[in-house]
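Welcome, and take a moment to turn the model around before reading on. The paragraphs below walk through it step by step, from the overall make-up to some individual residues.

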Amino acid sequence: MRAYKFIFLAFLFLVSGCGPLIPGAPVPEEGRPVVEGQKRPRVGLVLGGGAARGFAHVGVIRVLEREKIPIDLIVGTSVGSLVGAIYADKKNSFELEWTAFSLEEKDLFDYTFISPTQGFVRGERLEEFVLKKVSARELQQMKIPLGVVATDIQNGEVVVLQNGSVGRAVRASSAIPGIFIPVRYQGRLLVDGGVLNNVPVDVARKMGAQVVIAVNLGGGKKSAQVNNIFDAIVQSLYLMSIESTAARLREADVVIQPEVSQIGMIDFSRKKELLALGIQAAEQALPRIREKLLGVSAASAVR
């Protein structure tokens with residue numbers, strides 16, 4: 001009798017190590033990163049511009065964090081700089097989501113009609129929102145290295161901000177010309193980074209990224225919603241930058257492109273839908289991301 005009990009217990013021990021006995025039962029995740037050890041490639045996350053569509057960035061980051069995809073540096077343009085700053089400061093997708101969903105149109109648009117010669121939105125309210133929501137005052141204090149991309153409107157140069165005020169940098173990167181007043185900062189007159197570099201993959205490379213994951217929120221030429229002056233200006237900027245953006249995206253290792261073209265640029269009523277679209281697009285990209293991470297790691301190990 002004791003022999004039978006011993007055999008039975010031994011059987012249970014063996015099958016328990018092989019997975020669930022019930023077909024289709026979930027296998028517990030070990031929660032390990034895709035690539036472990038010192039030979040892991042440095043991963044850069046690039047968050048493109050797209051105004052209210054930026055809530056899709058939050059969904060992408062949620063999936064990357066859940067799947068233990070490392071994020072070693074972040075580069076953001078316009079709304080990408082806003083989402084990037086919040087995550088780089090907190091390094092927690094739950095807190096990012098909580099903060100992003102508290103953002104309303106009133107937090108961005110502080111209209112001025114006193115002397116609207118350069119724009120009719122000051123942008124001070126956006127700067128204040130950032131400073132209230134992040135603990136780091138300076139870009140160089142972020143938990144994750146962050147590059148904020150803006151455009152010098154006077155000399156036509158791409159400007160990458162990596163030090164100085166977080167709030168002022170995000171404000172400058174988000175100053176859509178014709179809508180927001182340009183921002184005088186660090187001796188330059190700055191506007192939205194999307195004017196010259198809406199998905200700055202090259203900046204992530206220069207910051208040391210070996211694998212670049214780029215998130216593009218640009219809508220299609222035919223399907224984009226243009227319901228007001230904001231949509232018209234932002235969509236015009238997008239159309240002007242289509243070719244340069246396509247060239248940047250070819251330099252990325254993985255491109256995540258949520259299907260957001262049916263949502264207006266300042267439609268803050270569809271946050272949950274945008275979040276879901278970001279999640280969906282990121283989940284579809286996971287096999288490619290894992291393949292790239294493992295491929296680069298294997299190549300590094302051979303060297």
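The protein chain holds 10 helices and eight strands. What you are looking at is a predicted model. Of the 303 residues in the chain, 52% are buried. Contacts can also be sorted by how far apart their residues sit in the sequence: among contacts with a separation of 6 or more, 74% are between residues 24 or more positions apart.

Let's start with the inside. In soluble globular proteins, nonpolar side chains tend to be buried together. Here the largest nonpolar core has 78 residues, and those touching the most other members are Leu45, Ile74, Ile256 and Ile289. Helix α10, residues 271–302, supplies the largest share of this core, with 11 residues. To get a feel for the packing, pick out isoleucine 289: beyond its neighbours within four places in sequence, isoleucine 289 is in contact with Leu64, Ile69, Ile213, Val254 and Ile256. Another core lies apart from the largest one; this other core has 14 residues, including Val149, Met207, Val212 and Leu249.

Is there any empty space inside? Rolling a probe the size of a water molecule over the atoms shows where empty space is left. Searching the whole structure turns up one cavity of 30 Å³ or more. The space in the largest cavity comes to about 480 Å³. It is lined by 37 residues, and Gly50, Ala51, Ser78, Val79 and Ile176 are the closest to its centre. Four elements give two or more residues to this lining: α2, α3 (79–90), α5 and α8 (229–240).

One of those lining residues, serine 78, deserves a second look. Serine 78 sits in the loop between β2 (73–77) and α3. Its phi is near 55°, a positive value in a residue other than glycine. Is serine 78 buried or exposed? Serine 78 counts as buried because its relative accessible area is 7%, under the 20% cut-off. Now compare lysine 91, which is found in the loop between α3 and α4. Lysine 91 also has a positive phi, of about 55°, although it is not a glycine. With a relative accessible area of 48%, however, lysine 91 is partly exposed.

Next, look for the aromatic rings. How many aromatic pairs does a search of the whole structure find? There are four. One of them joins phenylalanine 55 and phenylalanine 101 edge-to-face, at 5.9 Å centre to centre and with 65° between the planes. This pair links distant parts of the chain, as phenylalanine 55 belongs to helix α2 (residues 55–66) and phenylalanine 101 to helix α4 (residues 93–101), 46 residues apart. Phenylalanine 55 is buried, at 5% relative accessible area, while phenylalanine 101 is partly exposed, at 24%. A further pair is tilted: phenylalanine 109 and phenylalanine 180 are 5.8 Å apart centre to centre, with 40° between their planes. Phenylalanine 109 lies in the loop between α4 and α5 (124–133), and phenylalanine 180 in the loop between α6 (166–173) and β5 (183–185), so this pair ties together parts that are 71 residues apart in sequence. Both phenylalanine 109 and phenylalanine 180 are buried. Ring pairs also gather Phe55, Phe101 and Phe268 into a cluster.

Let's turn to the strands. Strand β3 (residues 146–152) and strand β4 (residues 157–161) run antiparallel and are joined by five bridges. In one of the pairings, aspartate 152 has glutamate 157 of β4 as its bridge partner. Together β3 and β4 form a hairpin with four residues between them, and in the turn glycine 156 has a positive phi of about 70°.

For a last stop, find glutamine 210, in the loop between α7 (201–206) and β7 (211–215). Glutamine 210 is partly exposed, at 41% relative accessible area. Leaving out residues up to four places away in sequence, glutamine 210 touches Arg40, Pro41, Arg42, Arg205 and Asp253. Take arginine 42 from that list: glutamine 210 and arginine 42 are 168 residues apart in sequence, yet their C-alpha atoms are 5.2 Å apart in space.

Terms used:
Residues numbered from 1 in each chain as written. Predicted model: local features only at pLDDT ≥ 70, side-chain atom pairs only at ≥ 80, totals over all residues. Heavy atoms only, no water. Buried < 20%, exposed > 50% of the residue type's maximum accessible area, 1.4 Å probe, protein only. Contact = heavy atoms within 4.5 Å. Core = buried A, V, L, I, M, F, W, Y, C linked by side-chain atoms within 4.5 Å. Pairing = 2+ DSSP bridges. Phe/Tyr/Trp six-rings, centres within 6.5 Å; stacked < 30°, edge-to-face > 60°. 1 Å grid on protein atoms, 1.4 Å probe; cavity = no way out; pocket = protein on both sides within 12 Å on 5 of 7 lines; lining within 4 Å. Points joined across faces, edges and corners; volume = space filled by probe spheres on them.
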